[in-house]
Amino acid sequence: WTEMFHSHKDTRPHGPSSVGLDVEFIGFKHLYGLPEHAHINLHLLSTTHDEPYRLYNLDVFEYELNNNMALYGSVPYIIAHSAKWTVGVYWNNPTETWVDVDHKKDEVIRMVMMMVVMIVMMMAHSHWLSESGIIDLFIMLGPMADELFRQYAALTGTTPLPPLFAIGYHQSRWNYMDEKDVYSVILGFDANNIPLDVLWLDIEHTDDKRYFTFDSNRFGNPKKLLDDVALTTRKMVAAVDPHFKKDTKYKQYSNARSSDLLVKDRDGNEYEGWCWPGSSAWLDFINPEARKFWSNQFLYHNYEGSTKDLYTWNDMNEPSVFNGPEISMHRDALHSAGSIEHRQVHNIYGLYVQRSTFEGHLLRSKNRTRPFVLSRSFFAGSQRYGAVWTGDNAADWSHLEVSTSMLLTLNLVGVTFSGADVGGFFRNPSAELLTRWYQAATYQPFFRAHAHLDTKRREPYLFDRYHMTIMREAIVSRYRLLPYWYLLFYQSETSGMPLMRPLWVEFPESEDTFEIYNTYMVGSSILVQPIVKSAVNVVSVYLPGCHEVIWYGDSYEIFKGCQVVDVPVTLEKIPVFYRGGSIIPIRERIRRSSSSSSSSSSSSSAALNDPYSLLIYLDNKNEADGYFYHDDFSTYKYRDGHFVYRNFVYRSNNTIVSRSLNKDSKFKSNSWIERIYIIGLGQ
Ligand SMILES: *[C@@H]1O[C@H](CO)[C@@H](O)[C@H](O)[C@H]1NC(C)=O
Ligand SMILES: *[C@@H]1O[C@H](CO)[C@@H](O)[C@H](O)[C@H]1NC(C)=O
């Protein structure tokens, strides 16, 4: 059964196999989901004249847009939506999967009142084919979108509430080269009053790509560095990839090897491939013992130089193998003592890497603090272990544009904590493109700038005053809205609701919205349309809501829903609208990070006492409704009643009612609501 793929042999010792099934969505025209693909469109296009959507986690160099080729992650899940129903089908299979999609009118013969009649119905067709495994199909019947999100969340889980710093602004680059570089970047942000929560270290911080180590020449005193950064109320994140340099003096490698926890090749020898460190071996994350081993590496005595303020980024976990077939692992490589072939688990390998890292962070804090782990590869359920990003994009307007639909799709399939590299990973963005990218990413759940080793430095403070001020304003607007984002994350943990929502999620009956991919909602209150082209003076924005919904612009001007409005645009802002009837919590004291305080004290608890404001946008009946959430921002005590969760209602007789939604709250805080803005009075 041996087959050659270019120069790579696949022995297929168990013979060829495949499983497949067709699923018809009768009465539906619009399908969504099946990430990861870089499509500008949000709804799935017919593959009749194209390759099927391919799901096979790969490290793709300079990926193409509007192509059904495989990318870094996979979620084999399709959502179908019509004005009446939202339903979903999840194909639980982590092997290579191809999905064809087609739309057709179908003639159905029905008996209606004793007469045989022909009914012409729209129907969407999907054809699923996987390389191996079993058919394990879950059908979720909604019928409303919020019910569908809950059903899928019950199956695959939700994102636990992240620590507050993780939804602030992250500054990354391949690479901040040494300790001096890190100090100077932090100084650059502080000197220019740009908020920043996390500074990232890519692979060059290690001792020759031995993860869990620091290069002693450039990062000679990592503990002091982390402590100094922590004193400025910031955290750090370092790259830790799932391959080990084959060096018997490297303890992570030699211990994994002596405990027999490494992936094997088809002959049962240690699997060997090429990656950043050169000749490498891969930990067998499919084996629970190997996952336990990995988690243990995050304990401080194993990860020397790390502290509680260092969090983790798992890159290259598709897994990426430079000299392997399609830059990945051979399908006949062996996991779990030879009992499982790689082809059977390929798409879920990366999930296990992120999970073991997440569990390692829990271990090191004795389950006290919430981990933060970023992963490039993902599968259905990865949302339980942290954030993902859309991999190696480019500094190009089209890549800014595609980030909206890629992240909306991830949000639809439960991978809510997701983002795209601000500025584009490859190549150099113009000041205009970078500015527009900051403005867009402010309204995306995971907000990180990152860049390739060969690009020019592009920290916002390096730009001329005009562009720098606008980029800072974009980051500041994120910090103003952090209480709203935090609330959405809290609600999403229990409801499975996406944070970034296609318009149809909020306006399910409005067929005008079903194919809109460039405008979306953050939660149910804020509508955003990023500017994704150069030199734009005016854009058309569709404001949904045909049943008397009203919207407020940035300067409180009022628009009726159910119309396209032409919005004049300058570089200063992108179109953002607030839905009448919303109450949005914000923080107006902008500090250098989400946890810094007005005093020079480094205690992050001081930030707990900063006051909040409420923005009340009245609807056309002079009413509004919204929620407020507050806790200690970092621990799991909220699961034990230590939080404040309230509902605010503004009534047409101009009274505000506030009601606690957790009656026996054990949380004590000196924070208060300082200001209430009522917008639209007497409209
Ligand atoms: C942390 O939580 C896990 C999972 O609930 C549990 O197995 C473990 O014993 C806990 N560890 C500590 C130190 O509490
Ligand atoms: C305002 O209206 C609510 C019911 O909508 C009522 O309970 C409340 O007493 C009213 N308040 C005043 C001051 O009239």
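**Close-up views of a predicted model**

**View 1. Glu131 and Arg343 meet in a salt bridge.** In this predicted model, the closest N and O atoms of Glu131 and Arg343 are 2.9 Å apart. Glu131 sits in the loop between β9 and β10, while Arg343 belongs to the loop between β19 (340-341) and α6 (349-364), so the salt bridge ties together parts that are 212 residues apart in sequence. Are the two partners buried or exposed? Both Glu131 and Arg343 are buried. For Glu131, the relative accessible area is 16%, which is under the 20% cut-off and therefore counts as buried. The strands on either side of the Glu131 loop are β9 (115-130) and β10 (137-140). Look for Gly20 here too: its C-alpha atom is 8.8 Å from that of Glu131, although 111 residues separate the two in sequence.

**View 2. Arg331 and Glu96 pair across distant parts of the chain.** Their side chains form a salt bridge, with an N to O distance of 2.7 Å. Where do the two residues lie? Arg331 is in the loop between β17 (310-314) and β18 (334-335), and Glu96 is in the loop between β7 (86-91) and β8 (97-112), 235 residues away. Arg331 and Glu96 are both buried.

**View 3. A network of salt bridges links eight residues listed here: Asp10, Arg54, Glu96, Glu131, Glu326, Arg331, Glu341 and Arg343.** The pairs from the two views above reappear in this network, with Arg331 and Glu96 as well as Glu131 and Arg343 among its members. For the wider setting, 44 salt bridges are found in the whole structure. Glu326, another member of the network, is placed in the loop between β17 and β18. The backbone of Glu326 is worth a look: its phi is near 55 degrees, a positive value in a residue other than glycine. Glu326 has a relative accessibility of 25%, so it counts as partly exposed.

**View 4. Thr11 makes a polar contact with Asp332.** The contact runs from side chain to side chain at 2.7 Å. Thr11 lies in the loop between β2 (8-10) and β3 (19-26). Its relative accessibility is 18%, and it therefore counts as buried. Thr11 also falls inside a span that UniProt, in an unreviewed entry, lists as "domain: Glycoside hydrolase family 31 N-terminal", residues 7-100. That span is 0% helix and 35% strand, and its end C-alpha atoms lie 29 Å apart.

**View 5. Arg257 and Glu270 form a salt bridge over a short stretch of sequence separation, 13 residues.** The closest N and O atoms of this pair are 3.5 Å apart. Arg257 is part of helix α4 (residues 251-258), whereas Glu270 lies in the loop between α4 and β15. With a relative accessible area of 44%, Arg257 is partly exposed. The loop between α4 and β15 also holds Leu261, which is buried at 7% relative accessibility. The C-alpha atom of Leu261 is 9.0 Å from that of Arg291, a residue 30 positions away along the chain.

**View 6. Trp274, Trp276, Phe322 and Ile327 form a nonpolar surface patch.** Together these four residues have about 360 Å² of accessible area. Trp276 is in the loop between β15 (273-275) and β16 (278-282). How exposed is Trp276? It counts as partly exposed, with 32% relative accessibility.

**View 7. Backbone details: two cis peptide bonds and a positive phi at Ala337.** The bond from Pro35 to Glu36 is cis, with omega near 15 degrees, and Glu36 is located in the loop between β4 (30-33) and β5 (53-55). The bond from Glu318 to Pro319 is also cis, with omega near 0 degrees; Pro319 is in the loop between β17 and β18. Ala337 is not a glycine, yet its phi is positive, about 55 degrees. Ala337 lies in the loop between β18 and β19 and counts as exposed, at 75% relative accessibility.

**View 8. Ligand 2 has Arg651, Asn653 and Thr655 around it.** An N or O atom in the Asn653 side chain is 2.4 Å from an oxygen atom of the ligand. On its own, ligand 2 has 360 Å² of accessible area, of which the protein covers 31%.

Note on methods: Residues numbered from 1 in each chain as written. Chains lettered and ligands numbered in written order. Predicted model: local features only at pLDDT ≥ 70, side-chain atom pairs only at ≥ 80, totals over all residues. Heavy atoms only, no water. Patch = residues over 30% accessible without salt bridge, like charges linked within 9 Å, V, L, I, M, F, W, Y side chains within 5 Å. Areas by Shrake-Rupley, 256 points an atom, 1.4 Å probe, with all protein chains shown as cover. Helix = DSSP H or I, 4+ residues; strand = E, 2+ residues; numbered from the N terminus. Buried < 20%, exposed > 50% of the residue type's maximum accessible area, 1.4 Å probe, protein only. UniProt positions renumbered as here; feature names shortened; annotations may be inferred. Near = heavy atom within 4 Å. Polar contact = N/O pair within 3.5 Å; in protein donor to acceptor, adjacent residues only side chain to side chain.
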